[in-house]
Structure formats: C-alpha cells, structure tokens
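This briefing looks at how helices pack in one protein model and at a pocket in the same model. Please keep the sequence and the structure in view while reading.

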Amino acid sequence: MKKMLRKKAGYFQSSRTLAFGLISMLPLLLGYEYLTLAATREHLLQVRNGADVILRTLLSAVGIHSPFYLGIGLVITIGAAVLFRRKGTRLRVAYFFYAIVESAFYALLLALVLTTATDYIMLSMGEERSFHASLMLALGAGVYEEIVFRLFLYGGMALVLTHLTRLPLTLIYLVCAALSSAVFSAAHYMGHEAFAWYTAVFRFLAGLLFCLIYHFRGLGIAGWSHALYDLFLIL
C-alpha cells in the first residue's frame, strides 16, 4: 500500500514540473507543425493559432522570419528541460500515459459542463473549417496557447507580482487569471472571426478554467486538456 502511495505522489509531483509539461507537449507540437506543412498558404493564414501568430510576430520584429524557427526553438527548449530538469523529477513513460488519461478526464468534464455553450459555438463556426484545420487548431491550442496565456501571462505575471508587491497571493492569482483569460479571449479574434460577446465571455470563462488546471496540475496537463477538449468538439 505504501509503495502504491509513493508512486502516486511521484506522478502528481513530477507532472506539475515545467520539464514534464514541455516534454509531454512534444507530440502536440510535432503534430501541429506537421499539419501546417500540408496546409496551403491561404488556408494557413486563416487557421493559424492566435498565440502562434503572436509569437511569430514577435520573432519577425527582431528579424526572424522562418516559419520553422518557433517550432525548432520549442524543441530545443524541451531538450534543455530534459537535461536541466529539477532534481527528483521523474520522467517515466507511464507518467505520460497517466497525464493523457487525466487530461482526457478534465477535457470530458469541461465538454459536459460547457455543453450548451460549445454546441452554440460549433454551430456558428464549425462549418467554416475542415477537419484538417480543426485538428491543426486543436493541437496548436494545446501547445502555443497554454505556453503564451498560462505559462507566460498567468504564471509569469504571478511570479513578477509576488516578488514586486505585497498583495495577498490569492488576489495576485485571481488578477493574473482574469487578465490572462481576457487576452486569451481577445486573441481568438485576430483572424477572420468576427467579435461576439457570447463567444468572448465563453472563452474568458474557459481561460479561467485552464488557469485553474495549470495552477494545480501544471503546464502539461493543461496543454493536453486544452487540446483534447478541442478535439472532442470536432469528433
């Protein structure tokens, strides 16, 4: 019994680390980048992930224009995470399987809780995209949106405010969750989709839920939960 409890604690501790999160998201990253290669240039401009666009725009601003540099940079970052992971972090194959199962549970729970809202959104937008485009967006959301909006905006802002202010931690996390979720919602209208308050509020609330998953279960679980949630909507 004690041995089983130690294994369970090892998984929950390791799966919350940044190294585990980045490595577990590698299949999502590779799948997303592969699908972009099969997309036409015009089609690609219409379905590119909003967070992906933000990152590539920042790279272009400093003179980096290759469409592959961002993906390559993330792969290098993942490799560095493996080499310099925190002491005691376990990267067992079984843990990655557990992470996908856990993420699938959260994704199904979100889909069930938000059934009415997601049905409305899929009816209003789903017919405009092919399965290829929807799959590409789902995989990209699990990687780029979680890195940008949860890791950088939510986690990064919380880290900065914790060190620079004396605000209560609970207030800091709430403010960071609200701000990052607002930007997360707004980023979805960077492309061809027209702004609508219904979808904007829905995405803001979804952003809060993904912040909650990220906060308690880490980047990897949040990324896979996001990707699987989007996949469940298109199946």
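In this predicted model, helix α9 (residues 131-164) and helix α10 (residues 169-187) have axes that come within 9 Å and cross at roughly 150 degrees. Helix α9 also packs with helix α3 (residues 26-37) and with helix α12 (residues 219-234), and the points below take these contacts in turn before moving to the second largest pocket.

**α9 with α10**

- Angles over 145 degrees count as roughly antiparallel, and α9 and α10, crossing at roughly 150 degrees, are therefore roughly antiparallel to each other.
- The crossing of α9 and α10 is right-handed, and the contact involves residues of α9 including Phe149, Leu153, Tyr154, Met157 and Leu161, which face residues of α10 including Leu169, Ile172, Tyr173, Leu179, Val183 and Phe184.
- By residue class, the contact of α9 with α10 consists of 15 nonpolar, two polar and two charged residues.

**α9 with α3**

- Helix α3 packs against α9 at an angle of about 140 degrees, and the two axes are 8 Å apart; α3 and α9 are therefore oblique to each other.
- The crossing of α3 with α9 is left-handed, and in it Leu28, Leu29, Gly31, Tyr32, Glu33, Leu35 and Thr36 of α3 meet residues of α9, among them His132, Leu135, Met136, Leu139 and Tyr144.
- The residues of the contact between α3 and α9 are made up of nine nonpolar, five polar and one charged.

**α9 with α12**

- The axes of α9 and α12 come within 8 Å and cross at roughly 155 degrees, which makes α9 roughly antiparallel to α12.
- In this right-handed crossing of α9 and α12, α9 contributes residues including Phe131, Ala138, Glu145, Glu146, Arg150 and Leu151, while α12 contributes Leu219, Ala222, Gly223, His226, Ala227, Asp230, Leu231 and Ile234.
- The contact of α9 with α12 divides into 12 nonpolar, four polar and four charged residues.
- Glu145 and Arg150 of α9 are listed in the contact with α10 and also in the contact with α12.

**The second largest pocket**

- The second largest pocket holds about 450 Å³ of space, and among the 20 residues that line this pocket, Arg16, Leu151, Gly155, Tyr214 and His215 are the closest to its centre.
- At least two lining residues of the second largest pocket come from each of α2 (18-24), α9, α10 and α11 (197-217), and α9 gives the most, with seven residues.
- The lining of the second largest pocket is made up of 10 nonpolar, seven polar and three charged residues.
- Leu151, one of the residues closest to the centre of the second largest pocket, also takes part in the contact of α9 with α12.

How values were computed: Residues numbered from 1 in each chain as written. Predicted model: local features only at pLDDT ≥ 70, side-chain atom pairs only at ≥ 80, totals over all residues. Heavy atoms only, no water. Axes fitted to C-alpha atoms, helices over the stretch in contact; angles between N-to-C directions. Helix = DSSP H or I, 4+ residues; strand = E, 2+ residues; numbered from the N terminus. Parallel < 35°, antiparallel > 145°, perpendicular 65-115°, else oblique. Left-handed = near helix turned anticlockwise from the far one by under 90°. Contact = heavy atoms within 4.5 Å. Nonpolar A, V, L, I, M, F, W, Y, C, P; charged D, E, K, R; others polar. 1 Å grid on protein atoms, 1.4 Å probe; cavity = no way out; pocket = protein on both sides within 12 Å on 5 of 7 lines; lining within 4 Å. Points joined across faces, edges and corners; volume = space filled by probe spheres on them.
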